[in-house]
Amino acid sequence: MKWELKSYNEDYLTSKSSEFGESKLISRLLLNREINTKEKVSKFLNSDKKDIHNPFLFENMEKVVERIKKAGRNKEKIVIYGDYDVDGISGVAYLVIMLRKLGLNVDYYIPNRVHEGIGINKNLLNFLKKRDAKLFITVDISINNCEEILMLKNSGIDIIITDHHRQIGILEDGEQEKELDILTINPKTSSIYPNKSLSGSGVAFKLADAIYERYGANKKYCTIIWML
């Protein structure tokens with residue numbers, strides 16, 4: 001992959017920096033996101049709760065929340081599995097904090113970048129078996145190998161995949177996804193959710209937001225942790 005930085009005329013950048021009331025660096029970042037007017041800048045930097053999209057616009061969100069509530073009622077072990085980059089680790093940490101705050105039995109697993117890569121491996125399976133996990137939730141990771149999914153399902157583990165990447169493999173096929181009984185939350189595959197640019201940790205936040213709503217919990221704590 002080759003990264004290409006957007007370039008701007010220095011006079012234009014100076015003008016926009018003055019208009020936005022921000023440094024040239026911040027102004028450049030805003031322009032890169034097509035936030036190019038003072039009104040858009042104000043809305044982006046000073047957003048309100050009413051500007052946050054309803055998490056239940058994700059087609060599977062209701063089912064996902066119900067499965068997590070079931071795990072809570074039955075005191076099932078939930079394992080959050082995340083990518084080893086900043087996005088994945090942040091999302092995992094956030095979900096673990098939020099679910100534990102609600103009293104759910106939650107553990108997590110971050111794969112070793114060098115030795116494990118991404119996917120279902122022997123170490124992970126042993127980890128899930130030792131903890132008698134019943135619900136497996138991914139953050140910033142897609143599991144597109146049918147064999148891997150069946151390994152989990154045959155071990156009596158339900159799967160929820162939260163991700164923000166474009167899907168390939170079995171997750172491209174909605175029918176196969178249903179056959180394998182997988183629940184996914186992904187803005188790229190949603191036909192309704194408007195923001196297609198959520199990060200992996202952003203998707204984790206939307207899940208936590210939905211869970212807090214259905215639990216009737218105070219979302220103030222949910223939002224504060226997200227902002228830290």
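**Exercise 1. Strand S1 and its partners**

How many bridges join strand S1 to strand S2, and in which sense do the two strands run? Determine also what surrounds strand S1.

*Solution.* The structure is a predicted model.

Step 1. Strand S1 covers residues 77-82 and strand S2 covers residues 106-109. The two strands run parallel and are joined by 4 bridges. Within this pairing, Tyr-81 has Tyr-109 of S2 as its bridge partner.

Step 2. Strand S1 also pairs with S3, again in the parallel sense, over 6 bridges. Here Ile-80 has Ile-137 of S3 as its bridge partner.

Step 3. Helix H5, residues 86-101, joins S1 and S2 in a β-α-β unit, and this unit is right-handed.

Step 4. In a regular strand, side chains alternate between the two faces of the sheet. In S1, Lys-77, Val-79 and Tyr-81 point one way, while Ile-78, Ile-80 and Gly-82 point the other way. Residues count as buried under 20% relative accessible area. By that cut-off 6 of the 6 residues of S1 are buried, so the strand is largely enclosed by the rest of the structure.

**Exercise 2. The largest nonpolar core**

Identify the residues of the largest nonpolar core that touch the most other members, and state which element gives the largest share of this core.

*Solution.*

Step 1. In soluble globular proteins, nonpolar side chains tend to be buried together. The largest nonpolar core of this model holds 33 residues. Met-61, Ile-68, Ile-78 and Ile-80 are the members that touch the most others.

Step 2. Two or more residues of this core come from each of helix H4 (61-73), S1, H5, S3, strand S5 (182-185) and helix H9 (200-215).

Step 3. Helix H9 provides the largest share, with 8 residues.

**Exercise 3. Aromatic rings and the charges over them**

Count the aromatic pairs, classify the pair of Tyr-8 and Tyr-12, and find which charged side chains sit over the rings of Phe-127 and Phe-56.

*Solution.*

Step 1. The count of aromatic pairs is 6. For Tyr-8 and Tyr-12, the ring centres are 6.3 Å apart and the planes meet at 25°. Planes under 30 degrees apart count as stacked, so this pair is stacked. Tyr-12 is partly exposed, at a relative accessible area of 35%.

Step 2. One aromatic cluster is formed by Tyr-81, Tyr-109, Phe-127 and Phe-136. Tyr-81 and Tyr-109 are also the bridge partners met in the first exercise.

Step 3. Over the ring of Phe-127 sits the charged end of Arg-131, 3.7 Å from the ring centre. Arg-214 takes up a position over the face of Phe-56, 4.0 Å from the ring centre.

**Exercise 4. Salt bridges**

State how many salt bridges the whole structure contains. Then examine the pairs formed by Glu-10, Glu-76 and Arg-131.

*Solution.*

Step 1. Side chains of opposite charge can pair when their charged atoms come close. In the whole structure, 9 salt bridges are found.

Step 2. Glu-10 and Lys-24 form a salt bridge with an N to O distance of 2.7 Å. Glu-10 belongs to helix H1 (residues 10-20) and Lys-24 to helix H2 (residues 24-32), so the pair ties together parts that are 14 residues apart in sequence. Glu-10 is partly exposed, with 43% relative accessibility, and Lys-24 is partly exposed at 36%.

Step 3. Glu-76 and Arg-67 form a salt bridge in which the closest N and O atoms are 3.0 Å apart. Glu-76 is buried at 15% relative accessible area, and Arg-67 is buried at 11%. Both residues belong to a network of salt bridges that also links Lys-153 and Asp-158.

Step 4. Arg-131, already met over the ring of Phe-127, forms a salt bridge with Asp-107, the closest N and O atoms being 3.0 Å apart. Arg-131 lies in the loop between helix H6 (122-130) and strand S3 (133-139), and Asp-107 lies in strand S2, so the pair ties together parts 24 residues apart in sequence. Arg-131 is partly exposed at 32%, whereas Asp-107 is buried at 17%.

**Exercise 5. A residue of helix H6**

Is Lys-129 buried or exposed, and how far apart in space are Lys-129 and Ser-155?

*Solution.*

Step 1. Lys-129 lies in helix H6. With 72% relative accessibility, Lys-129 counts as exposed.

Step 2. Lys-129 and Ser-155 are separated by 26 residues in sequence, and their C-alpha atoms are 8.2 Å apart in space.

Technical notes. Residues are numbered from 1 along each chain as its sequence is written. This is a predicted model: local features need pLDDT of at least 70, side-chain atom pairs count only at pLDDT 80 or more; totals for chains, interfaces and linings use all residues. Side-chain values use heavy atoms; hydrogens and water are left out. Rings of Phe, Tyr and Trp (its six-membered ring) pair if their centres lie within 6.5 Å; planes under 30 degrees apart count as stacked, over 60 as edge-to-face and the rest as tilted. Buried means under 20% relative accessible area, exposed over 50%, partly exposed in between (1.4 Å probe, protein chains only). A charge sits over a ring if NZ of Lys or CZ of Arg is within 6 Å of the ring centre and within 35 degrees of the ring normal. Two strands pair if DSSP finds at least two bridges between them. A crossover is right-handed if, with the strands pointing away from the viewer, the path from the first strand over the helix to the second runs clockwise. A salt bridge is a side-chain nitrogen of Lys or Arg within 4 Å of a carboxyl oxygen of Asp or Glu. A nonpolar core is a set of buried Ala, Val, Leu, Ile, Met, Phe, Trp, Tyr and Cys residues joined through side-chain atoms within 4.5 Å.
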